[in-house]
Amino acid sequence: MQDEKPGRLVDEGPRIADIDFSGYRMRIATDRYHSQDYARREREALWLRIWQVAGRCDDIPEPGDWFEYRLFDQSWIVVRGRDGEARGFVNACRHRGNAFCEGRGHAARFTCPYHNWSYGLDGKLLAVARPDFDGTLEDFVGAKEELGLLEVPVETFAGFIFLNPDRNAAPLSEFLGEAMELMAPYRIEDMIPYGLNVPEAIDCNWKVIMDAFQEGYHIQGVHPELVAAMDESQERYRFCGDHSVATAPFGSSNLEGSSLEKQVAAIHSLPATFPAVADCLPRFDELLEGHRNADGAMPSVTDIPLRTLLQQAMRESWEAKGLDVSGLTDNQLSDNHFWILFPNFFLTIHAGEGTLIMAYPHESGDPNRCYWLVQNLQWFPPEERAANRTPLTEVREGEHFPYFLALEQDYEQMQNQQRGLRNTAQPYLTLTRQEVRLAHYHASIASWVEGAGREG
């Protein structure tokens, strides 16, 4: 039943007119985007205390697989243990603090190359070199349990590995809350990076990226070719603690009054942005043909439920390929849900595929620069995943990867915005009601960095 599926909470969420704005600040101080002092406060109060995506579970598929996760000048090792669990450790030997891992790899144990102290995949200290030196053996035996690698919280959800630098952090389930239930039916853990998997440095603050993907207000100016496919005036919202999701129905009033041919063409254009939709279009065309009158003519466009036909075709297509979409509402099949998992995870998703964008501060600490990661995610049957998985595309500092049109437009726009935000004569930016998610998001920023909460 539709009303029993978690996605109905978004399908039935409030529109802008139903939201109480009294608790939101609609002016955001611009120094959040360029101030060195604010960046330092973010580092200590936010980034070193919060759950964040460090990688994907399939980055370390086998016991002994590991990768390094860096943030600013901090470094951690994420490793798959012999018991199959993912764990995280500070990348520093307990002897003299040597960082002993860089990049990614596979190991049966970790051995520091400085003095050959070695650690198990569970972080326990296994051995030290020459323990016969001056009583070192006695010291080692007595302190062995205390000298393992320093562990940090690591948990997994939806195929992602989350790490928290705060060793006393509350569980991930407490942090994500309701978002876990709402996202689970998509089966994101069974999707793989496909076609686009690019990390790149970009000349803007990391929050400029997160802001850009929380509103459709800019579509008319930056992405005019998407106007027919998204109607931001019909967006619905749901707020889950610091996280949020919005959805806008495909087409909707943007296509009202258009001919049948134009509306069908808009549906056929979807694979330009969402490639997997192409697989359902033959079935969609069959269902459409089934509406012809006895004389072979098509009824009026108002008499053909195109959204319903698209949703039916998508459900049948995915089920035929083996993806369980039983937990998704009809709208989740055809309409994009735009997720923000605070602080730096954006995912636009519908059945079977999505686009993931994450933003991280630049290792230099320069608030006018950051890194972003762009991944297309797509579901494939298990036996096809290894062959279709797209590895990370290395982009050197100062170089640029050419994205598809919409992302290329965003890439340029975000850097232009940062140039404007650096003007100290402009003390704040002003939000419209259509940008309610930004107001919610920046209230969360304030609650972590400034201790200000959402009120006031």
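**Helix packing, two sheets and some unusual backbone values**

Let me begin with a pair of helices: helix α9, residues 260-268, packs with helix α10, residues 281-289, at an angle of about 160°, and the axes of the two are 11 Å apart. That angle makes α9 roughly antiparallel to α10, and the crossing in which α9 passes α10 is right-handed. I should say straight away that what we have in front of us is a predicted model. As for why I opened with those two values, two packed helices are described by the angle between their axes and by the distance between the axes.

Which residues of α9 and α10 meet? From α9 they are V264, I267 and H268, and from α10 they are L281, F284, D285 and L288. Sorted by class, this contact of α9 with α10 has five nonpolar residues, one polar residue and one charged residue.

Let me turn now to the sheets. In general, the strands of a sheet pair through backbone hydrogen bonds, and they do this in either a parallel or an antiparallel way.

One open sheet here has three strands, in the order β7-β8-β9, and the pairing is antiparallel. Its edges are β7, at 110-111, and β9, at 125-127, and because each of these has a single partner strand, one side of each is left without a neighbour in the sheet. Strand β8, residues 118-119, runs antiparallel to β9 and is joined to it by two bridges, and in β9 it is A127 that serves as the bridge partner of S118.

Another open sheet is formed by seven strands, and if you follow along in the structure the order is β13-β19-β18-β17-β16-β15-β14, again with antiparallel pairing. The edge positions belong to β13, residues 191-202, and β14, residues 236-240; each has a single partner strand, so one side of each lacks a neighbour in the sheet. On average, and with direction ignored, neighbouring strands of this sheet are turned by 15° against each other. Helix α14, residues 405-421, packs on the sheet and touches β13, β18 (353-361) and β19 (370-379), while its direction makes about 25° with that of β13.

Let me stay with β13 for a moment. Nine bridges join β13 to β19, and the two strands run antiparallel; M191, for example, has W379 in β19 as its bridge partner. Is β13 enclosed or open, taken as a whole? Nine of its twelve residues are buried, so β13 is largely enclosed by the rest of the structure.

At the other edge, β14 pairs with strand β15, residues 243-247, in the antiparallel sense over five bridges. In this pairing F239 has S244 of β15 as its bridge partner, and Y237 stands opposite A246 in β15. The two strands form a hairpin with two residues between them, and in the turn G241 has a positive phi of about 65°.

Strand β15 is itself mostly covered, with five of its five residues buried. H243, V245 and T247 point one way from the strand, S244 and A246 point the other way, and all are buried. On its other pairing, β15 is matched with strand β16, residues 337-341, in the antiparallel sense over four bridges, and there V245 stands opposite W339 of β16.

I will finish with some backbone details, for which the background is that most residues other than glycine have a negative phi, and most peptide bonds are trans. The peptide bond from F342 to P343 is cis, with omega near 10°, and P343 lies in the loop between β16 and β17, the latter at 345-350.

Then there are F72 and R187. F72 is a residue other than glycine with a positive phi, near 55°, and it lies in the loop between β3 (65-71) and β4 (74-80). R187 also has a positive phi, near 60°, and is likewise a residue other than glycine; its place is in the loop between α6 (178-183) and β13.

How is F72 classed, buried or exposed? Its relative accessibility is 12%, and because buried means under 20%, F72 counts as buried. R187, for its part, has a relative accessible area of 31% and is therefore partly exposed.

Technical notes: Residues are numbered from 1 along each chain as its sequence is written. This is a predicted model: local features need pLDDT of at least 70, side-chain atom pairs count only at pLDDT 80 or more; totals for chains, interfaces and linings use all residues. Side-chain values use heavy atoms; hydrogens and water are left out. Axes are lines fitted to C-alpha atoms, for helices over the stretch in contact, and angles run from 0 to 180 degrees between N-to-C directions. Angles under 35 degrees count as roughly parallel, over 145 as roughly antiparallel, 65 to 115 as roughly perpendicular and the rest as oblique. A crossing is left-handed if the near helix is turned anticlockwise from the far one by less than a right angle, and right-handed if clockwise. Contact means heavy atoms within 4.5 Å. Ala, Val, Leu, Ile, Met, Phe, Trp, Tyr, Cys and Pro count as nonpolar, Asp, Glu, Lys and Arg as charged, and the others, Gly among them, as polar. Two strands pair if DSSP finds at least two bridges between them. Buried means under 20% relative accessible area, exposed over 50%, partly exposed in between (1.4 Å probe, protein chains only).
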